[in-house]
Amino acid sequence: MLQEAGYKVVEAEDGASGLTLLRNTPQLQLLITDVGLPGGLNGRQVADAARQLMPGLKILFITGYAEQAALGTTALEEGMALFAKPFAMSNLAAQVADMLRAPPSAAARISA
């Protein structure tokens with residue numbers, strides 16, 4: 001859906017392969033990750049490692065859980081947002097557009 005909206009999208013099947021992809025694709029502007037991922041790393045761990053590689057990277061977490069259940073006591077940092085399932089694809093596209101337009105210092109927020 002994001003490709004149809006004109007975005008260049010690269011995909012990874014799990015957290016470890018996502019980090020490999022991040023190392024090899026330094027021009028990425030936004031990481032979209034589910035909080036729950038297969039393969040040993042969860043979405044927050046991937047995001048933290050991604051921020052080590054690319055400190056200004058914007059990150060959109062997607063989850064079917066409430067914020068507290070999804071991320072525990074870990075607060076969202078600037079440039080991070082949480083998007084709750086279920087959602088309409090048009091809402092996801094709008095969230096992605098908003099995040100890409102926002103300056104790197106944009107405050108974290110939670111979307112439904």
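The paragraphs below walk through a predicted model, moving from its nonpolar cores to a central strand residue, then to a pocket and a cis peptide bond.

A reader may begin with the packing of the interior. The largest nonpolar core is made up of 14 residues, and within it the residues with the most contacts are Leu22, Leu31, Leu57, Ile59, Phe61 and Met80. Helix H1, helix H2 (43-53), strand E2 and strand E3 (80-84) are the elements that contribute two or more residues to this core, and H2, with three residues, provides the largest share. Apart from this core there is another one, of nine residues, which includes Leu30, Ala81, Phe83 and Leu92.

Ile59 shows what surrounds one of the well-connected members of the largest core. When neighbours within four places in sequence are left aside, Ile59 is in contact with Leu30, Leu31 and Thr33, with Ala47 and Arg51, with Gly79, Met80 and Ala81, and with Met99.

Leu60 belongs to strand E2, which spans residues 58-63. Leu60 counts as buried because its relative accessibility is 0%, where the cut-off for that class is under 20%. Its surroundings can be read from its contacts: not counting residues up to four places away in sequence, Leu60 touches Leu30, Leu31, Ile32 and Thr33, then Ala81, Leu82 and Phe83, and finally Leu92, Gln95, Val96 and Met99. For one of these partners, Leu82, the C-alpha atom lies 5.9 Å from that of Leu60, although the two residues are 22 places apart along the chain.

The next feature is the largest pocket, which has a volume of about 1000 Å³. Its lining comprises 35 residues, and those that lie nearest the centre of the pocket are Val9, Val10, Leu30, Leu31 and Ile32. Helix H1 (15-24), strand E1 (30-34) and helix H4 (89-101) each supply at least two residues of this lining, and E1 gives the most, with five residues. Sorted by class, the lining of the largest pocket holds 21 nonpolar residues, eight polar residues and six charged residues. Two of the residues named nearest the pocket centre, Leu30 and Leu31, also appear among the contacts of Leu60 and among those of Ile59.

The last stop is a feature of the backbone rather than of the side chains. The peptide bond that runs from Lys85 to Pro86 is cis, with an omega near -10°, and Pro86 itself is placed in the loop between E3 and H4. Of the two elements that flank this loop, E3 is among those that give two or more residues to the largest nonpolar core, while H4 is among those that supply at least two residues to the lining of the largest pocket.

Terms used. Residues are numbered from 1 along each chain as its sequence is written. This is a predicted model: local features need pLDDT of at least 70, side-chain atom pairs count only at pLDDT 80 or more; totals for chains, interfaces and linings use all residues. Side-chain values use heavy atoms; hydrogens and water are left out. On a 1 Å grid over the protein atoms alone, a cavity is a set of points where a 1.4 Å probe fits but cannot get out, and a pocket is an open set with protein on both sides within 12 Å along at least five of seven lines; lining residues have an atom within 4 Å of a point. Grid points are joined across faces, edges and corners, and a volume is the space filled by probe spheres set on the points. Helices (H or I, at least four residues) and strands (E, at least two) are DSSP runs, numbered from the N terminus. Ala, Val, Leu, Ile, Met, Phe, Trp, Tyr, Cys and Pro count as nonpolar, Asp, Glu, Lys and Arg as charged, and the others, Gly among them, as polar. Buried means under 20% relative accessible area, exposed over 50%, partly exposed in between (1.4 Å probe, protein chains only). Contact means heavy atoms within 4.5 Å. A nonpolar core is a set of buried Ala, Val, Leu, Ile, Met, Phe, Trp, Tyr and Cys residues joined through side-chain atoms within 4.5 Å.
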